[in-house]
Amino acid sequence: MKRFLPGMVLAAIPLLAVCKNNNDSSIFPVTGSEVSTIESALGLQQLSMDSNTYNVGASKVDITGPFAQESTGYNSPGETMDGLAMRLYSRTFVIEQPGGKVIAIATADQLHLYQSIKLGVIKKLALDGYGHIFDEKNVMVSATHTHAATSNHSWYTLFNLFNGVTGFDELHYHVVVNGIAQSIEEAYDNRQAAVIKFARGPVENGGFNRSTIAYQTNPDAEDFEENIDENMTLLRFDSIDGQPIGAINWYGVHGTSLGINNSRIHGNNKGWAAYEMEKQMGANFVAAFAQSTVGDVSPNEPDPSDITLAFLRPSDLDPTLDTLDNPVIHGQKQLNKALELYASAQEMEVNVDYRHSYVNFNNVPVSTNYIGSHRMDYDTEVDLNQASTCVATVGAAFLAGDEEGAPVDFAEEGEIRNSYTFENGQWVRNEYNLTNLDGVAQILGVFWPLASQVLQTTKYDACAKEKLALLPVGEVDDFWFPNPEVPFIPVNVPIQSFRIGDLVIAGSSFEITTMAGRRAESVLLDTLGPAGVNHIVIGSMVNSYTNYLATREEYAAQHYEGSFTVFGPFSAAAFRQEMDRLARDMVNNQPSDPGPVPPDLASQQLIETWISANGVVNDGGDFGKALTSPASTYNANRDSVTVVFQAAHPRTALIKKLDGTLSSYYDPSSYRMIEIQRRVNGNWQTVATEDDPYTSIQWVRTGGDLSATSELTVLWKIRNQPSGTYRIRYRGLAKRWYFFWTSYQKFTGTTSSFQLQ
């Protein structure tokens with residue numbers, strides 16, 4: 001299998017320096033003065049040797065994968081991406097306590113952070129010479145959860161099979177892995193003496209609970225004024241001479257500003273907020289907007305007539321808005337709070353620590369201490385004394401869909417669940433009948449008795465309780481296709497804790513609901529508080545992806561989130577227990593059990609997407625030709641410009657960038673497909689590219705999937721631009737096949753000029 005892993009060779013002197021700073025002086029005895037001399041000679045920032053300051057580095061690297069012939073961010077069968085509206089990035093901060101530990105926090109504009117990505121990043125760091133500094137324990141990688149990002153890069157079947165496009169895309173995988181690894185490496189190399197400041201406060205109308213009925217089943221719901229966690233937690237990084245380095249914040253809200261019909265890659269609300277904050281701060285400022293308790297929080301508003309109906313986006317509420325305005329409006333709320341917190345942040349003490357463990361969540365015995373009062377009436381004492389997580393299954397309740405526009409809607413949420421009645425002195429489980437489903441899903445009800453026997457779902461019934469186990473995904477079975485050696489999802493789940501000052505970030509691979517997060521935070525504060533920890537952040541979709549994590553009561557309600565709490569009714573209690581284990585290890589200054597390391601499945605991807613397996617066969621046509629022309633004049637505040645070019649497959653340039661040969665045609669660091677240019681003093685100046693949230697492109701084959709010709713449509717929504725003369729340029733790279741050899745053709749297309757007035 002081909003690899004897109006260009007290595008980076010580090011010079012011997014920098015290696016001596018970084019090893020010294022990583023407290024490996026027994027191997028590389030370099031003095032502090034020698035380190036400073038070496039760094040000065042290499043143009044590196046001055047590092048602190050003072051235990052009262054941090055060393056901090058930041059970096060931002062493009063991780064935009066292929067945007068054509070890829071699955072959409074809603075994993076909707078048959079729906080594919082065909083365009084790009086905003087580029088995606090990995091934003092990383094490396095934080096070092098002089099004389100102590102070093103950690104890396106990477107936030108990636110991705111739908112999910114699959115386990116394949118984290119394991120690939122660690123391998124790439126080792127390949128590039130950073131393996132003695134970073135491993136799985138001190139690197140935390142999370143996804144912003146933008147539903148406007150392509151997928152097809154997990155190693156596990158569930159996430160690659162039930163997609164718009166079936167299979168694994170190797171190119172996309174390595175674009176993301178290499179980009180995240182590069183951002184970590186650059187952040188480490190850029191680190192400098194710095195202070196870290198902390199702030200926390202509520203985001204006004206930033207999110208709405210999309211599963212209110214399930215949330216209200218929690219008896220402790222009445223203890224809180226809001227049914228979501230409104231707080232944003234922010235860390236600000238400044239050099240010791242007062243220069244801004246960057247900021248990272250955590251706030252839980254779904255990246256669903258763009259709906260299920262979107263087919264263009266976009267950073268969504270968090271991607272836009274990061275883009276705009278970096279734009280306002282200038283220089284090389286890095287702004288990361290990370291996820292917290294996101295499981296039941298939507299940026300969209302509930303329908304005032306019925307909270308169970310599809311939530312409403314800004315463009316649904318205001319017909320003058322375009323769908324591309326939605327992430328801007330939602331992102332602005334997060335940006336406003338981030339800027340406010342940034343201005344008010346207070347300096348933190350210096351303390352860096354971390355713990356990491358893998359847990360086989362298929363079978364975690366759960367202590368009643370962590371279940372507490374969070375149980376159902378029919379959870380008998382026998383059940384509780386033998387409580388554990390379950391072999392992972394997806395519940396049939398997902399067929400009811402959710403309020404964000406999931407691609408299923410065959411019942412009311414909460415309808416598809418097993419119920420319990422008390423009969424003759426004992427609790428009796430009453431199984432839901434799938435023949436009650438609506439529409440085409442009734443076919444599933446008819447065939448379910450046979451399917452249930454084939455899938456052997458009955459063996460999961462006792463543990464799954466209210467969940468009607470539709471699809472077992474957590475254990476090896478000869479039935480599974482395409483790979484009988486691994487389950488459909490990762491079951492060796494990573495959990496991780498980072499301490500920075502008096503803040504602990506508790507990272508998990510789940511989409512954690514509001515109340516599940518609150519309960520975990522309470523447990524962790526009880527343990528960590530005596531050790532000087534005053535703040536907890538619960539991170540979602542960190543280092544892997546294992547669906548949702550709902551409370552015991554929300555699980556019993558079997559709404560969308562409960563049906564995808566795959567490890568059963570006591571999953572949230574198990575999470576509290578295992579995270580508390582790491583916390584106790586941190587307090588006691590002892591190492592954590594590493595747990596069962598997940599397998600490396602890079603060589604076992606038996607089904608690839610068609611384009612990944614076959615590549616771009618051939619491009620044809622008059623590349624770059626403007627097939628449509630812009631109008632002569634446009635309004636500088638509100639109009640839109642649409643033009644069409646004869647195109648080449650956009651995947652080709654991406655392949656060449658990854659294998660290191662794009663430099664033969666374009667500067668890889670500055671290459672952009674689209675440039676909006678304004679004429680200034682006789683010269684054309686680029687004022688926007690596909691980075692801009694109001695510039696988008698869509699690519700399509702003309703004449704069918706096997707045709708060599710294609711077209712690229714460029715859309716520029718004009719928003720408050722200065723008047724003047726403008727044009728649009730398209731730069732591409734075509735792959736030409738001539739019987740026995742392949743060549744590549746660089747080209748540029750340019751429209752006629754037009755006026756903004």
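Reader: How much space lies in the second largest pocket, and what makes that a volume?

Author: This is a predicted model, and about 760 Å³ of space lies in its second largest pocket. That number counts as a volume because it is the space filled by probe spheres set on the grid points.

Reader: How do you know which residues line the second largest pocket?

Author: A lining residue has an atom within 4 Å of a point. The second largest pocket has 31 such residues, and Val61, Asp62, Gly179, Gln182 and Lys657 lie nearest its centre.

Reader: Which elements supply at least two residues of that lining?

Author: Those are β1 (54-62), α5 (170-189) and α19 (651-658). The largest share, 7 residues, comes from α5.

Reader: Why is Gly179 called polar here?

Author: Because Gly is put among the polar residues by the definition used, Gly179 goes there too. The whole lining of the second largest pocket divides into 11 nonpolar, 9 polar and 11 charged.

Reader: OK, and the largest pocket: what is its volume, and how many residues line it?

Author: Its volume is about 1000 Å³, with 38 lining residues. Nearest the centre are Asn75, Phe162, Phe398, Val408 and Phe564.

Reader: What makes Phe162, Phe398, Val408 and Phe564 nonpolar?

Author: Phe and Val are both on the nonpolar list, so those four residues count as nonpolar, while Asn75 falls to polar. By class, the lining of the largest pocket has 25 nonpolar, 9 polar and 4 charged residues.

Reader: Which element gives the most to that lining?

Author: α12 does, with 4 residues. At least two each come from α4 (157-161), α12 (442-455) and β20 (469-472).

Terms used:
Residues are numbered from 1 along each chain as its sequence is written. This is a predicted model: local features need pLDDT of at least 70, side-chain atom pairs count only at pLDDT 80 or more; totals for chains, interfaces and linings use all residues. Side-chain values use heavy atoms; hydrogens and water are left out. On a 1 Å grid over the protein atoms alone, a cavity is a set of points where a 1.4 Å probe fits but cannot get out, and a pocket is an open set with protein on both sides within 12 Å along at least five of seven lines; lining residues have an atom within 4 Å of a point.
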